[in-house]
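Reader: I would like to go through the labels attached to this model and hear the reasoning behind each of them. Please set each value against its cut-off.

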Amino acid sequence: MPDILELARTKVLEEGVGLNTEETLQVLELGDDRIEEILALAHEVRLKWCGEEVEVEGIISLKTGGCPEDCHFCSQSGLFETPVRSAWLDIPALVDAAKQTQKSGATEFCIVAAVKGPDEMLLSQLEQAVAAIHSEVDINVAASVGILTQEQVDRLAAAGVHRYNHNLETARSYFPNVVTTHSWEDRRATLEMIREAGMEVCCGGILGMGESLEQRAEFATDLAELNPTEVPMNFLDPRPGTPFAGREPMATQDALRAIGAFRLALPKTILRFAGGRELTLGDLGAEQGLLGGINAVIVGNYLTTLGRPVEQDLDMLGKIRLPIKALNATV
């Protein structure tokens, strides 16, 4: 039986075919002494099938807190006693945030709302915000406002939302341990409608929530089956007041192994560093990830946690000599 990385070199690097669940698990089970080898191969795969450019994105919360869902990792749930308080942003504030994001070199600006799905007021405000941003800022506008109906999908597509984020969060088999107020299948259905409407699909999740290695590999395959444009990779940052508050952050070595494994399962997908990387990886680990399969980053702060200063991330990209993707190359 060939070594799994020898198999991956042929199947993934040469042929562009992602590893299946069993093969991804074999990568996740490799020892710490093989991590550099995993990341080196993942970087080769990323360069061959995605190119060397790094896509930069900023995110902002249109509606923060008060969400009726019970996602156990999330401090925006209204069901938990957390420090997060409800807040709304107006359209001028969103336009200003888009301008600031664009100045960083970002090509993506994602508007997020803490809801199960949008009501008419939120959807209307989002439509107006997209129009206002497009009239003043040269940037792609993405959105993430929960589970959608077909009519809502059609309206967002017509408004000019070019990419929609809706995370599966974790493997189908582990999902009931993370969320009980809606199903994994509910999320999957929204993603299918998004793709059929012509918007790009952005779908990832959070690693380190107590899932097994088998479920981590299962999750990579779940994502690959969606053929998403982008997969945000988050690592659990335990939030006070949530059911997962007492969990230990994921070990750096496990996170790096997962980054390499997900690149080998998703050779042609944008893999984006998202929440929790500062806690889990630190500066050195972030550099290793960007040279080990990651080809996109969220800059600035996240929804309820602090990121790194934008300048620090841009300096890091310069240090490791990775160019930032320009907007005219993405439209």
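Reader: What makes the pairing of the Glu57 and Arg272 side chains a polar contact?

Author: In this predicted model, the side chains of Glu57 and Arg272 are joined at 3.2 Å, and the limit for such a pair of N or O atoms is 3.5 Å, so the pair is called a polar contact. Glu57 lies in strand E1, which covers residues 55-64, and among the residues that Glu57 touches beyond four places in sequence are Glu108, Cys110, Glu230 and Arg272.

Reader: Why is Glu57 called buried?

Author: Its relative accessibility is 4%, and buried means under 20%, so Glu57 is counted as buried.

Reader: Why is Cys50 called partly exposed, and why is Cys110 called buried?

Author: Cys50 has 27% relative accessibility, which falls between the 20% and 50% cut-offs, so the label is partly exposed. Cys110, at 5%, is under 20% and therefore buried.

Reader: How do you know that Cys110 is in no disulfide?

Author: The nearest cysteine sulfur, that of Cys202, is 6.8 Å away, whereas a disulfide needs the two sulfur atoms within 2.5 Å, so Cys110 is not in one. By this rule the count of disulfides in the model is zero.

Reader: What is the mean pLDDT of the protein, and where does pLDDT stay under 50?

Author: The mean is 86, and 86% of the residues reach 70 or more. pLDDT stays under 50 over residues 301-307, for which the model has 23 contacts beyond four places in sequence, and also over residues 327-331, with eight such contacts. Where pLDDT is low, the predicted coordinates should not be read in detail.

Notes:
Residues numbered from 1 in each chain as written. Predicted model: local features only at pLDDT ≥ 70, side-chain atom pairs only at ≥ 80, totals over all residues. Heavy atoms only, no water. Buried < 20%, exposed > 50% of the residue type's maximum accessible area, 1.4 Å probe, protein only. pLDDT = per-residue confidence, 0-100. Contact = heavy atoms within 4.5 Å. Helix = DSSP H or I, 4+ residues; strand = E, 2+ residues; numbered from the N terminus. Polar contact = N/O pair within 3.5 Å; in protein donor to acceptor, adjacent residues only side chain to side chain.
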